Amino acid sequence: MVNYNSELNEIIPPNNVNNFTLTNHQLIMGATIPPLEKLKMFSDKQFEDCVKEWAVSYLPEKYNKVYRCGGAGDMGRDIIGYYNYGSIDDELIWDNYQCKHYQKALNPSDIWLEIGKLCYFTYLNRFSIPRKYYFVCPNGVQRSLHDLLNDKNKFKEEFLNKWDTTCKDKITSQKKILLDEKLRSHINKIDFGIFTYLDPNELIEQHMQTPYFSFRFGGGLHKPRPKPLTPPSQVQNEELVYTKKLFQAYESNLKTSIKSEVDLKRLNLHNGHFQRQRIHFYQAESLFRFERDTIPPNINAFEDLKDELYYGVIDTYENHYPDGFERVKAVTDKARSLNLPGSNPLSPVLTTNDQHGICHHIVNDGRIGWVSDND
């Protein structure tokens, strides 16, 4: 019989829709999956790639050398971060990151063998005991393991009790590893406080500091673009080409020798224009550095922008002008008016000042100059 007295709840619209600015991309693609949820959805290969990206781009900020141990002979080591690799110290100081792609949170039974390998191979003096030993897993650890990791004495006791069932026959296929007095004594000297785990949220926060984050987790550029670089008081080496070409453009307009900024200041002509070009150059340089810090290597988004801009201004560039200065103004004005492709990864942060400044980067590349023999 239907219970007509059961509680009825009115269906109301979800309240999270209005908590963000809705973009056209979100209307087309739907809401972005939160990084933590996406991390849990990764395949073995995707998680392995994510870890590699994190290891190659984030860990070197913490260690002076990072290595990956591959294959079955890793002896309980996966990613190694050395604090003093190459130093004259007798013993290396290092951390170990053991990465486990399980569809569930780690529990104690998932890690006994890995700890057994570390204990056994350090007993054989194959390597030293690490400063820290992190377990890295997309689903984190279960409460039982969390509690053990926070009680190092109980953790060690339970590990020793589990040796015969989890380690003795599995550390090596060559022989059984018996927990004799010498090995037990070695294990008892190890501070089990070295064992901990990297919370999935921490992994995401650290991966967010790499240029791979947007590529791996989506959601667009994850870092705000910093303020543009301010031009140094003196022209720098990377400016020598485009500034020389600008001086030639000013010469053709003023019909007098212009070899440096000093000449412009002396004549009190075009100096304001010159200073603005330096500002625009460094604006574009800032965009290039932003790409380096935010987008994976070999995407070449800034180079693609230079190509698009070059082909967008080349017809204007090739027109006839009375002098090079008029060409500079015509080409940079055209650059500012271009609607460059929105598909470029840098498009969301691209400005007209960037497009103006990219003209000078193209000059630096030798693709255009300002003074033509036909003028």
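This passage walks through a predicted model, starting with its sheet and ending with two loop residues.

The sheet comes first. Five strands line up in the order β1-β2-β3-β4-β5, forming an open sheet with mixed pairing. At its edges sit β1 (65-68) and β5, each with a single partner strand, so one side of each has no neighbour in the sheet. On average, neighbouring strands here are turned by 25° against each other, direction ignored. As general background, strands in a sheet pair through backbone hydrogen bonds, in either a parallel or an antiparallel fashion. Both kinds turn up below.

Take strand β3 (residues 94-99) as the way in. On one side, β3 pairs with strand β2 (residues 79-82) in the antiparallel sense, over 4 bridges. Within that pairing, Trp94 of β3 has Tyr82 opposite it. β3 also pairs with β4, and here the two strands run parallel, joined by 5 bridges. Two of the facing pairs can be picked out by name: Asp95 stands opposite Lys132 in β4, and Cys99 stands opposite Val136 in β4. The link from β3 to β4 involves helix α4 (residues 112-123), and together the three elements make a right-handed β-α-β unit.

How covered is β3? Of its 6 residues, 6 are buried. That goes for both faces of the strand: Trp94, Asn96 and Gln98 are buried on one side, and Asp95, Tyr97 and Cys99 are buried on the other. Strand β4 (residues 132-136) is mostly covered too, with 4 of its 5 residues buried.

Moving along from β4, the next partner is strand β5 (residues 195-198), which pairs with β4 in the parallel sense over 4 bridges. Phe135 has Tyr197 in β5 as its bridge partner. Tyr197 also has a neighbour worth pointing out from elsewhere in the chain: Leu149 is 48 residues away in sequence, yet the two C-alpha atoms are 8.4 Å apart in space. Leu149 belongs to helix α5 (residues 143-149). With a relative accessibility of 10%, Leu149 counts as buried, because the cut-off for that label is under 20%.

Next, the cysteines. The structure holds 0 disulfides. Cys99 is in none, and the nearest cysteine sulfur, from Cys50, lies 9.4 Å away. A pair of sulfur atoms has to be within 2.5 Å to be called a disulfide, so Cys99 and Cys50 do not qualify. For context, a disulfide is a covalent bond between the sulfur atoms of two cysteines. Cys99 has a relative accessibility of 16% and therefore counts as buried. Another cysteine, Cys359, is buried as well, with a relative accessible area of 1%.

Now for a pair of helices. In general, two packed helices are described by the angle between their axes and the distance between those axes. Helix α6 (residues 152-166) packs against helix α7 (residues 181-189) at an angle of about 155°, with the axes 11 Å apart. Angles over 145 degrees count as roughly antiparallel, and α6 and α7 therefore fall under that heading. The crossing of α6 past α7 is right-handed.

Finally, two loop residues have backbone angles worth a look. Lys255 has a positive phi of about 60°, although it is not a glycine. Lys255 sits in the loop between α10 (240-254) and α11 (261-267). With a relative accessible area of 66%, Lys255 is exposed. Asn300 likewise has a positive phi of about 60° without being a glycine. The loop that holds Asn300 runs between α12 (271-294) and α13 (301-317). Asn300 has a relative accessible area of 41% and is partly exposed.

Conventions
Residues are numbered from 1 along each chain as its sequence is written. This is a predicted model: local features need pLDDT of at least 70, side-chain atom pairs count only at pLDDT 80 or more; totals for chains, interfaces and linings use all residues. Side-chain values use heavy atoms; hydrogens and water are left out. Buried means under 20% relative accessible area, exposed over 50%, partly exposed in between (1.4 Å probe, protein chains only). Two strands pair if DSSP finds at least two bridges between them. A crossover is right-handed if, with the strands pointing away from the viewer, the path from the first strand over the helix to the second runs clockwise. Axes are lines fitted to C-alpha atoms, for helices over the stretch in contact, and angles run from 0 to 180 degrees between N-to-C directions. Angles under 35 degrees count as roughly parallel, over 145 as roughly antiparallel, 65 to 115 as roughly perpendicular and the rest as oblique. A crossing is left-handed if the near helix is turned anticlockwise from the far one by less than a right angle, and right-handed if clockwise.
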